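Could you walk me through this model in my viewer, one selection at a time? I would like to know what to pick next and what is there.

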Amino acid sequence: MSLSVATSLTTKQRIVNPATTISMSANTTWRGQGSGSIVKLANGAALAADSYLVTATVGASQPRFVDLTFDGNRANQTKRIRGIVGFQVLHPMIQRCWFYDWGGSAFVISNCPGTLVSDNLVERCGRKWSGASGTQGEQGMSVLGDVAATSAFYAVGCAIDRNVVRYCGWDGINFSAPGVIVRANTVHNNGLECGTVGAAGIYWTGSGTRA
């Protein structure tokens, strides 16, 4: 599966089964039409356990995912597979997407300045999974930062806005990017906590309940 800049997914569903993670190029946008544009992981997917469907890393700045549905098809997998990872890229954006039924996290954004995660629905992701180290789970989604302030990838300017995260494995939202703004999110019925804060300077105005 290869999508170029501003590629649109207008068909109702695309089944994907890459042998290795799909690598994003710089300034690439995956754009769909909301719930009618589904990227679905194939039954018994060939990806290695605990890997990601899509990876954006150093040199792939400004990856964008807009108006897409990502179906992890968890019931038909034999191993835990995650959705998207962004690592040391600038200004990634995940907006108006729906992630569901991923064995691992829907997405993990790590050390990515200027991250925008807004208006997404994340549900039934990161649920408990029996693996080599026993029964474990993962967060629904994560926006993280753990490099020094002198690094070009010191993850400032991140925002997590107006997302709904529910029925996920451990925490709903896990965030430790320095100074990330987290506001108007609905987080409920996750396995452990509504959200985990792992850095100073977090501005949190979200609300939620734990069942």
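Contacts between residues 24 or more positions apart make up 62% of the protein's contacts with a separation of 6 or more. Keep in mind as you click around that this is a predicted model. Colour by secondary structure: the protein comes to zero helices and 25 strands. Of its 211 residues, 52% count as buried. If you switch on a surface, about 8,900 Å² is exposed, and carbon and sulfur atoms supply 51% of that.

**Stop 1: strand β9 and its partners**

Select residues 82-87, which form strand β9. This strand is mostly covered, with five of its six residues buried. Now add β6: the two strands pair in the parallel sense over four bridges. To see one of the matches, pick Val54, whose bridge partner in β9 is Ile84. Next add β12, which runs parallel to β9 and is joined to it by four bridges. Here, Gly86 stands opposite Ile109 of β12. While you have side chains on, remember that in a regular strand they alternate between the two faces of the sheet.

**Stop 2: the nonpolar core**

Show Leu53, Phe65, Phe70, Phe99, Phe107 and Val122 as spheres. These are the residues with the most contacts inside the largest nonpolar core, which has 42 residues. The elements giving two or more residues to this core are β5 (38-41), β6, β12 (107-110), β17 (141-144) and β20. Which of the elements gives the most to this core? It is β6, with three residues.

**Stop 3: the aromatic rings**

Change the spheres to sticks and look for ring pairs; the model has six aromatic pairs. Start with Trp30 and Phe65, an edge-to-face pair with 5.7 Å from centre to centre and 75° between the planes. Trp30 belongs to strand β4 (residues 29-31) and Phe65 to strand β7, so this pair ties together parts that are 35 residues apart in sequence. Are these two residues buried or exposed? Trp30 is buried, with a relative accessible area of 1%, and Phe65 counts as buried at 3%.

Move on to Phe99 and Phe107. Their ring centres are 5.2 Å apart and their planes meet at 55°, so this pair is tilted. Both are buried: Phe99 has a relative accessible area of 0%, and Phe107 also comes to 0%.

Now select Trp30, Phe65, Phe70, Phe99 and Phe107 together, since you will want them in one view: they form one aromatic cluster. Centre on Phe70 and show what is around it. Setting aside neighbours within four places in sequence, Phe70 is in contact with Trp30, Val39, Phe65, Ile84, Cys97, Trp98, Phe99, Tyr100 and Trp102. You have already met Ile84 in this list as the bridge partner of Val54.

**Stop 4: Pro63 in its loop**

Go to Pro63, in the loop between β6 (52-56) and β7 (64-66). Why does this loop residue count as buried? Its relative accessibility is 2%, and buried means under 20%. Draw a distance from its C-alpha to that of His91: the two residues are 28 apart in sequence and 7.4 Å apart in space. His91 is one of the contacts of Pro63 beyond four places in sequence; the others are Met24, Thr28, Ala56, Val89, Leu90, Pro92 and Met93.

**Stop 5: Asn174 and a polar contact**

Next, select residues 171-175, which are strand β20, and find Asn174 within it. Asn174 counts as buried, at 13% relative accessibility. Which side chain does it reach? Show Ser142 as sticks: a polar contact of 3.5 Å joins the side chains of Asn174 and Ser142.

**Stop 6: Asp161 in β18**

Finish at Asp161, which lies in strand β18 (residues 159-161). Asp161 is buried, with a relative accessible area of 5%. Expand the selection to its contacts, not counting residues up to four places away in sequence: Asp161 touches Leu116, Val117, Ser118 and Asp119, and also Ile181, Arg183 and Asn185.

Technical notes
Residues numbered from 1 in each chain as written. Predicted model: local features only at pLDDT ≥ 70, side-chain atom pairs only at ≥ 80, totals over all residues. Heavy atoms only, no water. Buried < 20%, exposed > 50% of the residue type's maximum accessible area, 1.4 Å probe, protein only. Contact = heavy atoms within 4.5 Å. Polar contact = N/O pair within 3.5 Å; in protein donor to acceptor, adjacent residues only side chain to side chain. Phe/Tyr/Trp six-rings, centres within 6.5 Å; stacked < 30°, edge-to-face > 60°. Core = buried A, V, L, I, M, F, W, Y, C linked by side-chain atoms within 4.5 Å. Areas by Shrake-Rupley, 256 points an atom, 1.4 Å probe, with all protein chains shown as cover. Pairing = 2+ DSSP bridges.
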